[in-house]
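Work through the exercises below with the model open. Try each task before you read its solution.

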Amino acid sequence: MKGVKAACITQTLHFLLKEDVGQEYAKKLITEEVKKYKDSFDKNKTQYKILSEETQADGSVIIEIKKQYNTSPVGHYLD
């Protein structure tokens, strides 16, 4: 028999600007989307660690994140 002792997933996400709206409004939407994404972890009680967050020249945002996989324990992964 086996059981998950610890598990995390690492993702690199690119939040892209919408093309059918103005540049400044698109940047505002990205800022809101990133905040909503981060807030969802606290709401769902998911443990996470942001490894890097970079705003690109066009206003898009790239986030590298390590987060809890499902409801598995995270062990030493988020230290």
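**Exercise 1. Two threonines**

Does Thr71 count as buried or exposed, and at what relative accessibility?

Solution. This is a predicted model, in which local features need pLDDT of at least 70 and side-chain atom pairs count only at pLDDT 80 or more, while totals for chains, interfaces and linings use all residues. Residues are numbered from 1 along each chain as its sequence is written, and side-chain values use heavy atoms, with hydrogens and water left out.

Step 1. Fix the cut-offs: buried is under 20% relative accessible area, exposed is over 50%, and partly exposed lies in between (1.4 Å probe, protein chains only).
Step 2. Thr71 counts as exposed because its relative accessibility is 75%. Thr71 sits in the segment after β3.
Step 3. Now take Thr46, in the loop between α1 and β2 (48-55). Its relative accessibility is 18%, so Thr46 counts as buried.
Step 4. Place the pair: Thr71 and Thr46 are 25 residues apart in sequence, and 7.7 Å apart in space from C-alpha to C-alpha.
Step 5. List the contacts (heavy atoms within 4.5 Å). Beyond its neighbours within four places in sequence, Thr46 is in contact with Phe41 and Gln68.

**Exercise 2. The core**

Find the residues of the largest nonpolar core, and the elements that give two or more of them.

Solution.
Step 1. Define the set: buried Ala, Val, Leu, Ile, Met, Phe, Trp, Tyr and Cys residues, joined through side-chain atoms within 4.5 Å.
Step 2. The largest such core has 10 residues: Phe15, Leu17, Ala26, Ile30, Val34, Tyr37, Phe41, Val61, Ile63 and Ile65.
Step 3. Two elements, α1 (23-44) and β3 (61-68), give two or more residues to this core. The largest share, 5 residues, comes from α1.
Step 4. Inspect Val61. Residues up to four places away in sequence aside, Val61 touches Leu13, His14, Phe15, Ile30, Val34, Glu53, Glu54 and Thr55.
Step 5. For context, nonpolar side chains tend to be buried together in soluble globular proteins.

**Exercise 3. The whole chain**

Describe the element order and the overall dimensions of the protein.

Solution.
Step 1. Count elements as DSSP runs, numbered from the N terminus: helices are H or I, at least four residues, and strands are E, at least two. The protein has 1 helix and 3 strands. Their order from the N terminus is β-α-β-β.
Step 2. The C-alpha trace spans about 55 × 20 × 20 Å along its principal axes.
Step 3. Buried residues make up 24% of the 79 residues.
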